[in-house]
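Thank you all for making the time this morning. I would like to walk you through one structure, so please have the sequence and the model open as I talk.

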Amino acid sequence: MNPTVETVTRRIQERSAATRTSYLAQIERLAGRRRGVERMGCANVAHAFAAMPANDKLRIVAEKAPHLAVVTAYNDMLSAHQPYERYPGLIREEAARRGATVQVAGGVPAMCDGVTQGLPGMELSLFSRDTIAMGTAVALSHDVFDAALLLGICDKIVPGLLIGALHFGHLPCVFVPAGPMGSGLSNGEKAKVRELYAQGKVGREELLAAESAAYHGAGTCTFYGTANSNQMLLEAMGLHVPGAAFVHPAETLRDELTRSAVGTALEITAKARYTPIGRLVDERVIVNALLALLATGGSTNHLIHWVAVARSAGILIDWSDFSDLSAVTPLLARVYPNGSADVNQFQAAGGPGYVIRELLDAGLMHEDVSTVSGASLREQTLLPTLSASSGVEWAALPKESGDESVVRPAARPFNPSGGLKLLQGNLGRAVIKVSAVPEDRHVVEAPARIFTNQEAMLAAFAAGELERDVVVVLRFQGPQANGMPELHKLTPPLAVLQGRGFKVALVTDGRMSGASGKVPAAIHVSPEALAGGPLARLRDGDLVRLDATTGSLQALVDEGEWAARALAEIEPLQAEDNAHGLGRELFAGMRRNVSSAEQGAISWL
């Protein structure tokens, strides 16, 4: 095992000793109870199963058959979640065939960040994660289930489902994905059209045609953003049936993998293989997730989400853990925006199983961990295929990568270190995704131009005011200020400026997620400006240095002057900006109580 991986794992275990011990004790207390129907009052039992067929009631009460919960994030606003519409019927059918019963315990909200990008609705996005976690807990609170199947894929949905499930950590849980949409217009071509539109060289009609060719059917978007990073991490944590992440929704294999997930949930419910999610997700499994993220250049959103996920299992991690692991984790995948390939090409070249196998063989992952499919992470390196006899069977992946321009062995990585770096300095702590940024852009020193909303920055770009070396600072975008929206609408204009030869960077206490592109962006700056963070001391024209080679983020201002400066105040929201006023008010309590980005932006602490 790599000594840094061992050191970080041990450090997390020591830091988490008290909270993890308390969490596991709670699981043991709950696991030792009688089954729900045996300990509940008769009226409670009657209510729970009133709408079920008589033979299912008999199975649950008299035959003591396993009873599965389904928590679904289905809606057809999200292309990735549209296939879930028919999953409950498929799951019921398979459970019945195996002598078990199923109820859809609840549905959770699932918003599409692609729809709300750059609009007021995005301000509710991050908080939707905690709402999903609470919704998952509400669904499971009926407390009649022996295991749960969790149906979710996209940005905040998987972390929310996982956080909620970990609060019911005595239950065995299996995540059930639905797969990516087929490849359409390449992500690179889509990005080019966006940049042309930002320059006024093509119109709305051409832009809409390009976007519609890229996002064209059921399944996840094909770039390696937060949704597909979620799937990679679940594979690395052993919470999927092996190889389930990136099989197309319409393939027969997809249905067979879903049927297999039902069987797996039932297997880990049995006493011989009882594997509750709270035991499964231990410190080593969290470290495996971080290593998978770093080795694939995954979404920076997980520096927030997985801090919150880990805390829900009594495990305490921080950005220093990510940074130390990144230094020793080779970059094994080039998937857009870190390369030209999409997730379908990633899957064809070997996909998650190949990356996990390479990391295991290099001593860069913990192998001796439980998964839903077995007693070793090695299970997750297998390739699922259709079988005439059993529906699906697993075999070893080919030894060689299917395409070394997409995935490479650990002995010949794209880069010897991972795709994320921690930045620290008198502007606070931030993270940067360097895997997609050209090396000659890893250091940017330029005057700051400060904005407090995206619209003002876009207007300044359109007016030609940013035609120079510039560090664009967008502050008051943190979780306390406005819910920490993603800021992808800034990527095309910043890329245009960079393409014109200017040295350009973004510094923000907001988010940029997994599709941040090739512009250096110091994001999640903590403490945020509204909480008195040093971003509120910056003034237009201050020289700012972002140095991803040394891990530094500095305002090059005289120390005495810096210390004496007053903090800028957030500008009040204008009425015309408040199109989601009721929604904002609903989430106002979350904003007041939310922790910092570095602490996971958890709204119930």
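Let me begin with Glu283, which, leaving out residues up to four places away in sequence, touches Ile12, Gln13, Ser16, Arg20 and Ile315. I should say at once that this is a predicted model, so please hear everything that follows as computed from predicted coordinates. Glu283 lies in helix 15, and although Glu283 is buried, it has no salt bridge. Which side chain of opposite charge is nearest to Glu283? It is Arg20, at 4.2 Å, and since a salt bridge is counted here only within 4 Å, the pair is not on the list.

Helix 15 also matters for the core. The largest nonpolar core has 154 residues, and those with the most contacts inside it are Leu149, Leu239 and Trp306. The largest share of this core, 10 residues, is contributed by helix 15, which spans residues 283–295. If we take Leu149 and set aside its neighbours within four places in sequence, its contacts are Leu68, Ala69, Val70, Val71, Ile91, Val174, Val176, Ala261, Val262 and Ala265. Apart from this core there is another, of 28 residues, which includes Leu423, Ile450, Val507 and Ala522.

Ile91, one of those contacts of Leu149, brings us to helix 6, residues 87–97, where Tyr87, Pro88, Leu90, Ile91, Glu94 and Ala95 are buried. Viewed down the axis of helix 6, these buried residues fall within an arc of 160°, so they line one face of the helix. The cover over that buried set includes strand 1 (67–72), strand 2 (101–107), strand 3 (147–151) and helix 13 (252–267). After helix 6 comes Gly99, which has a positive phi, near 80°.

Helix 22, residues 491–499, offers another case: eight of its nine residues are buried, so this helix is largely enclosed by the rest of the structure. The buried residues are Thr491, Pro492, Pro493, Leu494, Ala495, Val496, Leu497 and Gln498, and they pack against helix 10 (187–198), helix 20 (454–462), strand 10 (470–474) and strand 11 (504–508). Helix 22, too, is followed by a glycine with positive phi, in this case Gly501, near 100°.

Turning to the aromatic rings, the count comes to three pairs. The rings of Tyr84 and Tyr87 have centres 5.0 Å apart and planes at 85°, so this pair is edge-to-face, and both Tyr84 and Tyr87 are buried. For Tyr224 and Phe346 the ring centres are 6.3 Å apart and the planes are at 55°, so that pair is tilted. Tyr224 sits in the loop between helix 11 (204–214) and helix 12 (226–237), whereas Phe346 sits in helix 18 (residues 343–349), so that the pair links distant parts of the chain, 122 residues apart. Both of these residues, Tyr224 and Phe346, are buried, and together with Phe246 they form one aromatic cluster.

Phe346 appears again beside Val355, which lies in helix 19 (residues 351–361) and is buried, with a relative accessible area of 0%. Leaving out residues up to four places away in sequence, Val355 touches Met232, Ala295, Thr296, Leu332, Phe346 and Val407.

Finally, the charged pairs. Side chains of opposite charge can pair when their charged atoms come close, and in this model the count is 34 salt bridges. In one of them, Arg194 meets Glu211, with the closest N and O atoms 2.7 Å apart. Arg194 lies in helix 10 and Glu211 in helix 11, so this pair ties together parts that are 17 residues apart in sequence. Are the two partners buried or partly exposed? Arg194, at 30% relative accessibility, counts as partly exposed, while Glu211, at 18%, counts as buried.

Another salt bridge joins Arg545 and Glu445, whose closest N and O atoms are 2.8 Å apart. Arg545 is in strand 13 (residues 543–547) and Glu445 in strand 9 (residues 443–451), so here the parts tied together are 100 residues apart in sequence. Arg545 is partly exposed, at 29% relative accessible area, and Glu445 is partly exposed as well, at 35%. Lastly, salt bridges that share partners join Arg11, Arg15, Asp318, Asp321 and Asp324 into one network.

Conventions. Residues numbered from 1 in each chain as written. Predicted model: local features only at pLDDT ≥ 70, side-chain atom pairs only at ≥ 80, totals over all residues. Heavy atoms only, no water. Buried < 20%, exposed > 50% of the residue type's maximum accessible area, 1.4 Å probe, protein only. Helix = DSSP H or I, 4+ residues; strand = E, 2+ residues; numbered from the N terminus. Arc of directions from axis to C-beta. Contact = heavy atoms within 4.5 Å. Core = buried A, V, L, I, M, F, W, Y, C linked by side-chain atoms within 4.5 Å. Phe/Tyr/Trp six-rings, centres within 6.5 Å; stacked < 30°, edge-to-face > 60°. Lys, Arg positive; Asp, Glu negative; His and termini not counted.
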